[in-house]
Amino acid sequence: MGKIPCSLPFQSKHKSTNSDEFHPIYSDSSSSSSLSLSRSSSSLYSQPSLPSVPSLTPLSTHSELLSNTFCASTFTGLSSSVFCLSLAGRHLYTGTSNGEILLRNKDPLNQEKNHSIVVEQSKSSVKSIVIFGDKLFTAHQDHKIRVWKIDNHDDDIEASNQNYYKCIATLPTLNDRCMRLFSAKNYVEVRRHKKCTWVHHVDTVSALAISSDNSLLYSASWDRTFKIWRISDFKCLESVWNAHDDAINAIALSKNGYVYTGSSDMKIKIWKKEQGEKSIHTLIATLEKHKSSVNALALSTDGSVLYSGACDRSIIVWEKDSGGDKMVVSGALRGHTKAILCLCVVDDLVVSGSADKTVRIWKKGIGKSYSCLAVLEGHNGPVKCLTASSDNSNSNSNSSRSKSKDDFGVGNSYMVYSGSLDCNIKVWKIWVP
């Protein structure tokens with residue numbers, strides 16, 4: 001993988017004359033079924049926006065763009081589309097449509113270690129990556145979750161290239177499958193005249209998340225279920241069957257135990273684990289404002305605000321009401337001209353990626369208003385995944401927010417990584433005064 005500077009500007013003043021134009025779809029050669037392909041493709045279509053939801057980006061603040069935001073680097077040379085990104089320490093992990101898991105140094109300016117290496121080659125597209133300790137969890141299109149032992153030889157990427165990561169488990173484990181094989185109560189009907197044990201996902205595993213206490217792994221799937229796995233022994237503890245009426249595309253966990261799932265059925269559902277003997281997840285609320293497939297979810301740092309992105313080109317902001325934990329619509333962030341495909345939150349910034357090939361940076365202002373700080377252009381395909389972190393390269397502070405001073409003055413510095421179906425990863429330097 002090579003590295004080239006991004007010569008394209010981060011913001012364009014012209015707008016597309018056809019906001020409903022459809023971008024080409026980069027199909028996955030390892031697709032397990034035509035149904036999986038149709039779901040993946042449909043998320044790239046742009047549906048009408050939401051006239052009933054008030055905009056939180058008034059014209060007076062919509063173009064508050066930063067001149068000190070730029071593309072620091074472009075990582076090229078991947079052989080297939082980028083489906084997911086994850087940061088861990090000094091490393092950036094990438095999952096691709098051809099099943100590769102790649103590792104590279106996250107610093108775009110590190111000239112000595114600026115290449116990426118393949119730490120594992122699976123046989124199925126990698127849809128999501130999460131990391132805990134020395135374990136890397138990957139969700140795949142072949143309905144499986146795989147667990148890899150991270151071996152980076154004291155952060156030496158060159159040494160990591162000598163050996164692939166070892167796959168230490170595939171979920172559900174053999175023990176899990178055998179334990180539930182002989183009891184009829186462990187079988188569920190997955191389609192007409194076909195049953196399997198409830199520990200199995202029977203369609204693409206689309207998203208993963210780890211609980212705040214690092215004890216549980218949550219997996220969401222296009223089979224309309226989400227499952228809970230114990231990280232210590234990889235045992236499947238629970239399966240919420242028929243959680244939605246269509247594929248589940250996103251899952252987010254709050255620190256106080258709430259589980260949020262977003263689906264192609266246009267709904268967001270909130271779940272909470274019951275305390276007691278059963279200790280199962282029950283439905284608390286259903287959020288219905290989107291008019292098309294919900295593709296992405298992200299929570300604010302304190303868990304009080306939920307952001308949801310969908311094919312209707314809007315990011316809906318949900319906030320807890322003053323009376324308790326009920327989520328209500330605050331408004332919508334508008335500006336993308338095509339479907340919202342991914343979201344992430346870093347400190348008080350919201351980052352969105354879209355099928356319109358752009359990345360937008362949002363920041364909350366006075367009251368409930370938001371400003372669009374930057375529109376990042378340069379990708380040649382839909383932006384499929386995002387991750388971000390505070391940039392500590394210019395600061396000696398150990399705080400989560402990197403506040404430092406350089407040519408732009410005092411402010412907060414961030415690095416945003418965007419992966420696209422154009423097979424490239426771009427690294428954006430964001431400076432918020």
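Q: What makes β7, β8, β9 and β10 an open sheet, and what is the strand order?
A: In this predicted model, 4 strands line up as β7-β8-β9-β10 with antiparallel pairing. The two edge strands, β7 (126–132) and β10 (166–171), each pair on one side only. Direction ignored, neighbours in this sheet are turned by 25° against each other on average.

Q: How do you know that β9 and β10 pair?
A: Pairing takes at least two bridges between the strands. Strand β9 (residues 145–149) and β10 have 5 bridges, in the antiparallel sense, so they pass that cut-off. One contact to look up is Lys 149, whose bridge partner in β10 is Lys 166.

Q: Why is β15 called mostly covered?
A: A residue is buried if its relative accessible area is under 20%. In β15 (residues 226–230), 4 of the 5 residues are buried, so under that cut-off the strand counts as mostly covered.

Q: Which strands does β15 pair with, and how do you know?
A: β15 shares 5 bridges with β14 (residues 216–221) and 5 with β16 (residues 235–240), both antiparallel. Since at least two bridges are needed, both count as pairs. On the β14 side, Leu 217 has Trp 229 as its bridge partner; on the β16 side, Phe 226 stands opposite Val 240.

Q: What sits between the strands of these hairpins?
A: The β14 and β15 hairpin has 4 residues between its strands, and Arg 224 in the turn has a positive phi of about 80°. The β15 and β16 hairpin also has 4 residues between the strands, with Phe 234 at a positive phi near 65°.

Methods
Residues numbered from 1 in each chain as written. Predicted model: local features only at pLDDT ≥ 70, side-chain atom pairs only at ≥ 80, totals over all residues. Heavy atoms only, no water. Axes fitted to C-alpha atoms, helices over the stretch in contact; angles between N-to-C directions. Buried < 20%, exposed > 50% of the residue type's maximum accessible area, 1.4 Å probe, protein only.
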